[in-house]
Amino acid sequence: MALCEAAGCGSSLLWPRVLLFGDSITQFSFQQGGWGASLADKLVRRCDVLNRGFSGYNTRWAKIILPRLIRKGNSLDNPVAVTIFFGANDSALKDENPKQHIPLDEYVSNLKSMVQYLKSVDVPENRVILITPPPLCETAWEKECLIQGKHRQHSLTRPSVTTHSWIIKPSCKLNRLNLVVGEYASACLRVAQDCGTDVLDLWTLMQKDSQDFPSYLSDGLHLSPKGNEFLFSHLWPLIEKKVSSLPLLLPYWRDVAEAKPELSLLGDGDH
């Protein structure tokens, strides 16, 4: 059968999708061993998993771009699940990082606004999963800041015993604090409760029962391979209940009719 003939046969094959919307922790999630890559592997031939992560973004910017990612009236724009994963940048300290910092009350308002927008374009609350920011390992993040040269402040330490001269050593004034991140995580939980969405409380889970949460982080802020695995293991049950009814798309190869494959591949059966 020629391709032009096949194009006129069978219905258009709509491929469901899961949308991952967030900051760098989402953008990096398709790297080897990333939680988004694991999700895509788990859902292969059932869903496309779209990475819409934007490194460095906060909820103020996210709220602005969300309507450019999903619009009403297009069946391809109607995901079966959406994750909203912001807060690591919003919770940056205002005095040290004013560009990314978002006040707590605005963070709450922005999250609610995004959930409400999704509802307005036919993505109901039961398809949405909010994810809190992970905890911050301040010691590791301080080292990362120094490595990247983000903070060029210096401090004087005690004189050298041999030279009796003052030693100039670089110092880093943290632009994030774990306690503050926790406030944003708690606010995310309240939004989920108010809006009726699912929520993954990563900040609490990673620190529960005195776990070694720094091992979940590569630089004190972003996820390590172990952290990606941890996030995926807790996110999957929330995603699974939203996609459990989706079939495998197109027949298994052993089930394709040998003599006339078009009977299998252009029919209504999707699994």
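This tour moves through the structure one selection at a time, from the whole chain to helix pairs and then to two single residues.

**The whole chain**

Begin with everything displayed, and keep in mind that this is a predicted model. The protein chain holds 10 helices and 7 strands, and of its 271 residues, 44% count as buried. If you consider the contacts in the chain with a separation of 6 or more, residues 24 or more positions apart account for 75% of them.

**Helix α7**

Next, select residues 178–195, which form helix α7. At 1.5 Å a residue, these 18 residues should span 26 Å, and because the end C-alpha atoms are 26 Å apart, the expected span and the model agree. Colour the buried positions of α7, which are N178, V180, V181, G182, Y184, A185, A187, C188, V191, A192 and C195. To see what these buried residues pack against, add helices α5 (104–120), α6 (138–148) and α8 (202–205), together with strands β4 (128–131) and β7 (198–200). Just after α7 comes G196, whose phi is positive, near 80°.

**Helix α5 against helix α7**

Now hide everything but α5 and α7. Two packed helices are described by the angle between their axes and the distance between the axes. For α5 and α7 the angle is about 35° and the axes are 10 Å apart, and α5 passes α7 in a right-handed crossing. Show side chains for L104, Y107, V108, L111, K112 and V115 in α5, which meet E183, Y184, A187, C188, V191, D194 and C195 in α7. Sorted by class, the residues of this contact of α5 with α7 are 10 nonpolar, no polar and 3 charged.

**Helix α4 against helix α5**

Keep α5 on screen and bring in helix α4, residues 59–69. The axes of α4 and α5 come within 9 Å and cross at roughly 15°; angles under 35 degrees count as roughly parallel, and α4 and α5 are therefore roughly parallel to each other. The crossing in which α4 passes α5 is left-handed. On the α4 side, select T59, R60, A62, K63, L66 and P67, and on the α5 side E106, Y107, N110, L111, S113, M114, Y117 and L118, since these residues make the contact. By class, the contact of α4 with α5 has 8 nonpolar, 3 polar and 3 charged residues.

**S29 in its loop**

Move now to S29, in the loop between α2 (24–27) and α3 (35–42). Is S29 buried or exposed? Its relative accessibility is 0%, so S29 counts as buried. Leaving aside neighbours within four places in sequence, S29 is in contact with L20, G34, W35, G36, A37 and N51. Then draw a distance from S29 to G53, which is 24 residues away along the chain, and the C-alpha atoms will be found separated by 8.4 Å.

**G53 in strand β2**

Finish at G53 itself, which lies in strand β2 (residues 48–53). With 12% relative accessibility, G53 counts as buried, because buried means under 20%. Which residues is G53 in contact with, leaving aside its neighbours within four places in sequence? They are L20, G22, D23, T26 and Q27. Of these, D23 deserves its own distance label: D23 and G53 are 30 residues apart along the chain, and their C-alpha atoms are separated by 5.0 Å. L20 can be left displayed from the previous stop, as it is in contact with S29 and also with G53.

Definitions and conventions: Residues numbered from 1 in each chain as written. Predicted model: local features only at pLDDT ≥ 70, side-chain atom pairs only at ≥ 80, totals over all residues. Heavy atoms only, no water. Helix = DSSP H or I, 4+ residues; strand = E, 2+ residues; numbered from the N terminus. Expected span 1.5 Å × (residues − 1). Buried < 20%, exposed > 50% of the residue type's maximum accessible area, 1.4 Å probe, protein only. Contact = heavy atoms within 4.5 Å. Axes fitted to C-alpha atoms, helices over the stretch in contact; angles between N-to-C directions. Parallel < 35°, antiparallel > 145°, perpendicular 65-115°, else oblique. Left-handed = near helix turned anticlockwise from the far one by under 90°. Nonpolar A, V, L, I, M, F, W, Y, C, P; charged D, E, K, R; others polar.
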